[in-house]
Amino acid sequence: QEDRIAMALYDEARELIDKKQWSDAILRLEQLRALKADFRGGEAAELLYQAYVGGGKDAVAIGQVQLARERFESALAIRNNDPEVIKQRDLAVLYLEGQMAAGINWQTAIQKFSALYQKDPNYDDIRTRLVEAYTKYAEIAMKQNSPCLAAREYDSAAGIIKDPALEAKRTQASQACKQVITNPPTPTPSATES
């Protein structure tokens with residue numbers, strides 16, 4: 001009885017993998033593992049590996065990066081030396097770390113998103129995320145009276161996308177920066193100096 005159920009789960013999982021229905025295939029294979037861990041050992045593990053990798057790539061394609069990271073890590077638990085899967089997991093980790101830093105620490109968000117963008121400029125919505133991080137950090141720099149830093153950040157954002165509003169902010173920050181450089185603030189003499 002147990003062997004018959006195990007065989008049915010195994011066959012169903014293979015069909016689901018052929019149809020690229022990764023989540024359902026993973027579910028069947030995990031049920032098979034729970035029912036009979038040693039059933040078709042290597043073959044079942046290879047199928048589960050394929051399902052995790054395929055499921056991870058699909059998750060990235062639809063913007064579910066957290067799920068993608070989990071699936072790549074599950075695949076690496078089965079076979080830990082696949083350079084492509086390691087790379088995919090690392091890209092997902094950079095994206096998620098950048099996402100966690102966004103709004104809290106824009107410098108860290110820029111660092112993570114920029115590293116990801118250099119490795120894969122077409123990863124999910126990385127362009128948008130990186131431009132937003134540069135822009136938010138530049139806005140903070142302007143508020144804190146650091147126009148040269150703001151100009152640099154706007155410049156970095158403008159290097160990724162062309163946007164008239166962004167260009168206007170960059171020009172404004174650059175002019176304010178030149179103003180600071182050519183006319184540095186004069187210290188006001190204090191009452192004790194004579």
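**A buried glutamate in an all-helical chain**

Glu153 is buried, with a relative accessible area of 3%. This value comes from a predicted model. Glu153 lies in helix 8, which covers residues 147-158. Beyond its neighbours within four places in sequence, Glu153 contacts Ile110, Tyr134, Tyr137 and Ala138. The residue counts as buried because 3% falls under the 20% cut-off.

Helix 8 also holds Ala157. Ala157 has a relative accessibility of 0% and is therefore buried as well. Its contacts, again leaving aside neighbours within four places, are Val131, Tyr134, Thr135 and Leu166. Val131 stands 26 residues away from Ala157 along the chain. Even so, the C-alpha atoms of Ala157 and Val131 are separated by 4.8 Å. Tyr134 appears in both contact lists: it touches Glu153 and it touches Ala157.

The fold around these residues is helical. The chain has nine helices and zero strands. Read along the sequence, its pattern is α-α-α-α-α-α-α-α-α.

The overall dimensions come next. Along the principal axes, the C-alpha atoms fill a box of roughly 100 × 40 × 25 Å. The radius of gyration is 26 Å. For a compact globule of 194 residues, a value near 16 Å would be expected. Contacts between residues at least 6 apart in sequence were also examined. Of these, 47% join residues at least 24 apart.

Burial and surface were assessed for the whole chain. Of its 194 residues, 36% count as buried. The accessible surface comes to about 11,400 Å². Carbon and sulfur atoms account for 50% of that surface. The chain carries 25 positive and 28 negative charges. The mean positions of the two sets are 3 Å apart.

In soluble globular proteins, nonpolar side chains tend to be buried together. In this model, the largest nonpolar core has 56 residues. Helix 3, residues 41-61, supplies the largest share of this core, with nine residues. Leu32 and Tyr123 have the most contacts inside the core. Leu32 touches Ala6, Leu9, Tyr10, Ala37, Phe39 and Ala44, not counting residues up to four places away in sequence. One of these partners, Ala44, falls within the span of helix 3.

Terms used. Residues numbered from 1 in each chain as written. Predicted model: local features only at pLDDT ≥ 70, side-chain atom pairs only at ≥ 80, totals over all residues. Heavy atoms only, no water. Helix = DSSP H or I, 4+ residues; strand = E, 2+ residues; numbered from the N terminus. Rg over C-alpha atoms; globule rule 2.2 N^0.38 Å. Buried < 20%, exposed > 50% of the residue type's maximum accessible area, 1.4 Å probe, protein only. Contact = heavy atoms within 4.5 Å. Areas by Shrake-Rupley, 256 points an atom, 1.4 Å probe, with all protein chains shown as cover. Lys, Arg positive; Asp, Glu negative; His and termini not counted. Charge placed at Lys NZ, Arg CZ, Asp CG, Glu CD. Core = buried A, V, L, I, M, F, W, Y, C linked by side-chain atoms within 4.5 Å.
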